[in-house]
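Biologist: Could you pick one part of this model and take me through it closely? Then just keep going and link it to whatever else you find worth a look.

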Amino acid sequence: MTVANSRRTALVATSAVAAALLAGAFAVPAFAADAPASVSVVGEVIVTAQKRSENINDVPESLTAISGDKLDVIRSSGGDIRVLSARVPSLVLESSFGRTFPRPYIRGLGNTDFDLNASQPVSFVYDEVVLENPILKGLPLFDIDQVEVLRGPQGTLFGRNTPAGVLKFDSVKPSQTFGGYAQASYATYGTVNLEAAVGGPIVADMLSGRVSALYQHRNDWIDNTFTRQNNATGGYDEYALRGQLLFTPNDRFSALLGAHYMHLDGTPQIFRANIIQPGTDKLVDGFDPEKIAQDAQGRSLQKVEISGANLKMTYDLGGPALTSITAYEHAKVLSRGDIDGGFGAVFAPPSGPGIIPFPSESADGLPYHAQWSEELRVAGTHDALTYTVGAFYFFEDVKIDSFDFNTLAGGAQDGFAYQHQKTTSWALFGNADYAMTDAWKLGGGLRYSNDKKDFLAQRLISPFGAPATAVERASPSSDEVSFNLNTTYAIDKDINLYARLAKGYRAPSIQGRLLFGDTISVASKETNMSYEAGAKGNFFDRRLRLDADVFYYRVSNLQLTAVGGGANFNRLINAKHADGYGFEINGEATPVDRLNLTAGLSYNHTEIKDPNLATQPCGAPCTVIDPPGALPGTVNINGNPLPNAPEWVANATAGYSIPLASGELFAFTDWAYRSKVNFLLYESKEFQGRYLLEGGLRVGYRAPGEAWEVALFGRNITNHISLEGAIDFDNLTGFVNDPRTWGVEMKAKF
């Protein structure tokens, strides 16, 4: 079978599963009458997407929940947060940093900016605390209860910078029941994953606690053919800790105190020179992910440190509940890498692989970062009304250092610039649902947001001998009203129809990376108006849960990052509009006892709509497809898709178990597919990523009562390698996904 046929077969198979679930669900359920009485049912999924616990089928918006157990499976072999990419409809994640600084995209909306103050339209909320800085979003996932992916604008309840959606993470909380687990795995490339948690009562009925820990390691596994060093790079050491105390002195008050810390000492993203065949989007013949040829690799490093604490207090006011969430986050990072991905230069031979116009070696640091946030809300019910009202405050202080190094002079520093940004934001919000009848519910909400940034930047040393710049400053501010209107109608006790209108908002952004330019750029605020309708339900005596939706959105003043180009200079621009439309389907079924199936499918069409919008194309020798822009040296990008926005995302899982010795043998497989993507604002034949299909397999034995289990596992079992990103200013540089790994894992619960 050819690669193209394999791709079509995978997509068709996953699409067929989703289509069959959808068609069967809304057909006459005659199949249910013939079903064996022993068939299992799909379990109820409880989510907190509206800041209250409710059945996922009752929430009038598109979302997907991933359990902690499923997350553990796809995280096997040391996976970081990017393992969520394509695991749910319309979600993609990638990173040009590596294991930190993930860049998420929902329904095609994201941000390709790699600066350490980058603003993203997808918000991460970890234990009800917003994580604004992209470094914070790289917090490792461990001892997680559930992940929720909320698609579409979430401005009413989650505020600014959520016009695309929210990734919401909830850790396992302390309780008065003693328990925990220990888990260990070993895989290809010396990959080690150690994880454990223990929790329970400290003072009976009053104080409980939980402590969780993670350690991940991989040996260096990539050979450097230029230095002739085997196993030169690619490894990492990462550990993380979380502690929680839950104080419940009576039935009306609770206080949950949490603290966390993580440390990463690893490898930055591996950039590989000239791995793209000119005039195509294919990898060069003979490409080997276990080999590079770099002259600056020996100086590459990545060190990340994140810490934080939060306090959630809830008090029952005799019906309504008052909740306060106070949080502090801190991060430090230094990441240095070989950006051109090769060795030497055409003017300083030897050089390669391919043509290296000039060397590029740089670093970015976050010497200081602090984030404070406070949310105060009241939530309750009164007759047919359910409501939440509250206030939010956010402050962030970020200092960024950027360095350039002369690779040909042994890595001596020859460039330095700095940035300092302070962000202050506050908001008032309210959200409510009203049951008009037993079957019909109306809902909506409003949020007023006010944002201000104070920014300064300066280049002190230029890599090209230019003079130092003056201190450049910017102080953009904005305010906006976000809202949502929704309605839900219950056809019967198992099936709901819904419609949702929502407006989201992203505050102004600033790009002040002055190493290679003399001016800063400011993107004005953007807004997203989204329209969505769907259906959710349980079918066949709860052996099938299914949800499906269609959507359309228009973003006004879309913030875009013009990355690299011939000038090797980042700048922010606003597009007049960007439109997107598509559909999403999620399904879970237990057609026979001990067999569980899930499938997801999404289609997203995105398009930039601004007839006068142009940007500078590649400095590398790429084949540009777009027409020339109005200014010499630019190309017009009107009509292009958004960067890293695949039209198709599909995923499927299947798990089956067989009773054995009071326990069970089990097998589980999971697959994730995303179609072709364009990496940059302009289109070229080279800087596109072909489809990516990754599959996992897990086979093992689970003891009675799930007391322990042992399993063999594989990730990316077909060893499918595809471009995940590119750099366009020097040569045909790209980076790829991880190759296949196999491993063994043991887990015990108590």
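Modeller: Sure, and a definition comes first: two strands pair if DSSP finds at least two bridges between them. A strand here is a DSSP run of E, at least two residues, numbered from the N terminus. Bear in mind that this is a predicted model, where local features need pLDDT of at least 70, side-chain atom pairs count only at pLDDT 80 or more, and totals for chains, interfaces and linings use all residues. Residues are numbered from 1 along each chain as its sequence is written, and side-chain values use heavy atoms, with hydrogens and water left out.

With that settled, look at the open sheet made by three strands, ordered 14-13-17 with mixed pairing. Its edges are strand 14 (229–233) and strand 17 (291–292), each of which pairs on one side only. Strand 13 (residues 222–224) runs antiparallel to strand 14, and two bridges join them. If you want a residue pair to click on, I222 has T233 in strand 14 as its bridge partner.

Now for T741, which sits in strand 45 (residues 741–749). T741 is buried (under 20% relative accessible area with a 1.4 Å probe, protein chains only; over 50% would be exposed, and in between is partly exposed), since its relative accessibility is 3%. Contact means heavy atoms within 4.5 Å, and beyond four places in sequence T741 has contacts that include Y189, R218, F713 and G714. T188 is another contact: its C-alpha is 5.1 Å from that of T741, though 553 residues separate the two in sequence. The side chain of T741 also makes a polar contact with the side chain of S77, at 2.8 Å. By polar contact I mean a pair of N or O atoms within 3.5 Å; within protein, one must be able to donate a hydrogen and the other to accept it, and residues adjacent in sequence count only if both atoms are side-chain atoms.

N528, in strand 31 (residues 526–539), is buried too, at 2%. Its side chain reaches the backbone oxygen of P163 at 2.8 Å. Setting aside residues up to four places away, N528 touches L109 and Y553, among others. L642 touches L109 and Y553 as well, along with residues including G108, L558 and I608.

L642 takes us to the nonpolar core, meaning a set of buried Ala, Val, Leu, Ile, Met, Phe, Trp, Tyr and Cys residues joined through side-chain atoms within 4.5 Å. The largest one has 74 residues, and L642 is among those with the most contacts inside it, together with L84, I135, L167, F169, L560 and F687. Strand 32 (residues 544–562) gives this core its largest share, six residues. There's also a second, separate core of twelve residues, with V45, A49, I56 and L150 among them.

Last stop: T615, in strand 35 (residues 614–615). T615 is buried at 4% and, leaving out residues up to four places away, touches A562, R571, T634, V635, I637, L681 and Y682. A bit further along the chain, C618 and C622 form a disulfide with their sulfur atoms 1.8 Å apart; the rule is a pair of cysteine sulfur atoms within 2.5 Å, and the count comes to one. The torsion about that S-S bond is about -80°, so the disulfide is left-handed. C618 is buried at 14%, and C622 is buried at 15%.

Technical notes: Helices (H or I, at least four residues) and strands (E, at least two) are DSSP runs, numbered from the N terminus.
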